[in-house]
Every structure is written in C-alpha cells, then in structure tokens.
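Please open the model in your viewer and keep the sequence panel beside it, since each stop on this tour begins with a selection. The stops go from a pocket to the chain as a whole, and then to single residues.

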Amino acid sequence: MHRSAAINFHRNLFLLQNQTQLAKRVTKPCDVFLNHRGIDTKRTIVSLLYDHLSLLNLRPFLDNKTMKPGDKLFDKIDSAIMGCKVGVAVFSPRYCDSYFCLHELALFMESKKKVIPIFCDIKPSQLRVVENGQCPPEMLPKFRLALEQAKNTVGLTYDSSKGNLADVVTRAANIVINSLIEIENEKHSMHRPKTPFHF
C-alpha cells in the first residue's frame, strides 16, 4: 500500500515537473521578432536568419515556424512583438502592400522596441504606404509614421542580384546579439543600487 502510494506520488511529481517545464518553454517570450513580407523573403533571408539565430540559442519568432494550428493570428503576433527585445524588419519590394507587415512595424515603433532594418532589393526612399484598399484608411497615418521612423534608422542593405546572402545573415545576427547584450546591460545598470558618495 505504501509502496504504490509512493510510486503514484513520484509519477505525479514527474508529470507535474514535465508540464511545468513545457509551460515555461511555451510561454517564454521571444528574443527577436522577424517582421517581413513572406512572398518576397521568407524562403531566403528570413528563414536563414531564423535558423542562424536558433543555432545561437536565441528565440526568434517567425510565424510559420513558431505558430501552431489553433493560435489566434493577431493575439500571438502582437504578444510576441510586445514580449520581444529586438525586432528585425526586412523591407522588400512588396512589403508596403501588406497590412500585416505595416501593423507589426507600427506596433514595434509604438512600443519603442529597437528595430534593425534590412533593406532587401529596395532603397529606403522607395518605401511608401499606398492606399490600395488593403489597409483601413484610419490606420494609414500610423503606418506612414512607423515607416518614416524605420527609414530613418541605420540598417543593412542587401541586393540579391549581387550580394552575398550568408554575409548579410551573419551581419544581421551579430547586430541582433550586440543589441541584446546592450539591452541586458542597460537593464542591469538601471537595477543596480546607487552607491552613496562619501566625502
């Protein structure tokens, strides 16, 4: 009797520990959110950057690799952006045609996240929000402001006709790592107790 009770206790404890570890893994916020136009860049620069960051033991968010069936699209994406530390915005020729891309970018800017732009096959001056019926008219000023802020942020450029994809992925990953280190250092210096001056 005592032995079976002990076995049940250990089995239940083991299950509880596994569930707790799984819950921690599932609910842990991402380190970096990859904002991009899938039709232009998902199968090239964005997937490679996701894989590179994952190999470095970071937690990148990429919709088709991070989300699972049953997830609410906007809830999952919005909470990932709010919980991440850094954003990478991969601008491409059809980026501004997408409501989702512009919504994510605006959320980054509103929440004052650090955003690393990568201008892929497009110059910053070519990016503009157009009234194409994809975006509600009341959102256009917010999207335009976010886009202007991103265009005025130093970023990387990549020309797929002559650039080296491995180089831009490595450079972007290094910038993400340095940004995460800076953010952690700032957080620790803010929480460090002030030492009084003695005269």
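**The second largest pocket**

Begin with the second largest pocket of this predicted model, which holds about 220 Å³ of space. To find its middle, select H36, K42, D63, F100 and E104, which lie nearest the centre among the 14 residues that line this pocket. Then colour β1 (32-36), α2 (38-55), α4 (73-83) and α5 (99-110), each of which supplies at least two residues of the lining. If you colour the lining by residue class, you should find seven nonpolar, three polar and four charged residues.

**The whole chain**

Now zoom out and show the chain as a cartoon, in which seven helices and five strands can be traced. Followed along the sequence, these elements come in the pattern α-β-α-β-α-α-β-α-β-α-β-α. With the surface switched on, the chain exposes about 12,800 Å², and carbon and sulfur atoms supply 57% of that area. Of the 199 residues in the chain, 35% are buried. Where contacts in the chain have a separation of 6 or more, residues 24 or more positions apart account for 77% of them.

**S98, ahead of helix α5**

Select S98 next, in the loop between β3 (86-91) and α5. Is S98 buried or exposed? Its relative accessible area is 9%, so S98 counts as buried, the cut-off being under 20%. Show the side chain of S98 as sticks and look for the backbone nitrogen of F100, which lies 3.3 Å from a polar atom of that side chain. The backbone nitrogen of C101 lies 3.1 Å from a polar atom of the S98 side chain, and F100 will be familiar from the first stop as one of the residues nearest the centre of the second largest pocket.

**S111, after helix α5**

Move on to S111, which is found in the loop between α5 and β4. Here the partners to display are backbone oxygens: that of L107 lies 2.7 Å from a polar atom of the S111 side chain, while that of F108 lies 3.2 Å from a polar atom of the S111 side chain. If you also select I81, 30 residues away from S111 along the chain, the two C-alpha atoms are separated by 8.7 Å.

**K112 and N57, two backbone angles**

Stay in this loop between α5 and β4 and select K112, which has a positive phi of about 60° although it is not a glycine. This angle deserves a look because most residues other than glycine have a negative phi. The relative accessible area of K112 is 72%, so K112 is classed as exposed, for which the threshold is over 50%.

Then go to N57, in the loop between α2 and β2 (60-61). Which sign does the phi of N57 have? The phi of N57 is positive, at about 65°, although N57 is not a glycine. N57 also counts as exposed, at 69% relative accessibility.

**V168, in helix α7**

For the last stop, select V168 in helix α7, which spans residues 165-191. At 5% relative accessibility V168 counts as buried, because that value falls under 20%. Which residues should you display around V168, apart from its neighbours within four places in sequence? Show I45, I118, L156, T157 and Y158, with which V168 is in contact. Of these, T157 is 11 residues from V168 along the chain, and the C-alpha atoms of the two are separated by 8.0 Å.

Key. Residues are numbered from 1 along each chain as its sequence is written. This is a predicted model: local features need pLDDT of at least 70, side-chain atom pairs count only at pLDDT 80 or more; totals for chains, interfaces and linings use all residues. Side-chain values use heavy atoms; hydrogens and water are left out. On a 1 Å grid over the protein atoms alone, a cavity is a set of points where a 1.4 Å probe fits but cannot get out, and a pocket is an open set with protein on both sides within 12 Å along at least five of seven lines; lining residues have an atom within 4 Å of a point. Grid points are joined across faces, edges and corners, and a volume is the space filled by probe spheres set on the points. Helices (H or I, at least four residues) and strands (E, at least two) are DSSP runs, numbered from the N terminus. Ala, Val, Leu, Ile, Met, Phe, Trp, Tyr, Cys and Pro count as nonpolar, Asp, Glu, Lys and Arg as charged, and the others, Gly among them, as polar. Buried means under 20% relative accessible area, exposed over 50%, partly exposed in between (1.4 Å probe, protein chains only). Contact means heavy atoms within 4.5 Å. Accessible areas come from the Shrake-Rupley method with a 1.4 Å probe; for residues, only the protein chains shown count as cover. A polar contact is a pair of N or O atoms within 3.5 Å; within protein, one must be able to donate a hydrogen and the other to accept it, and residues adjacent in sequence count only if both atoms are side-chain atoms.
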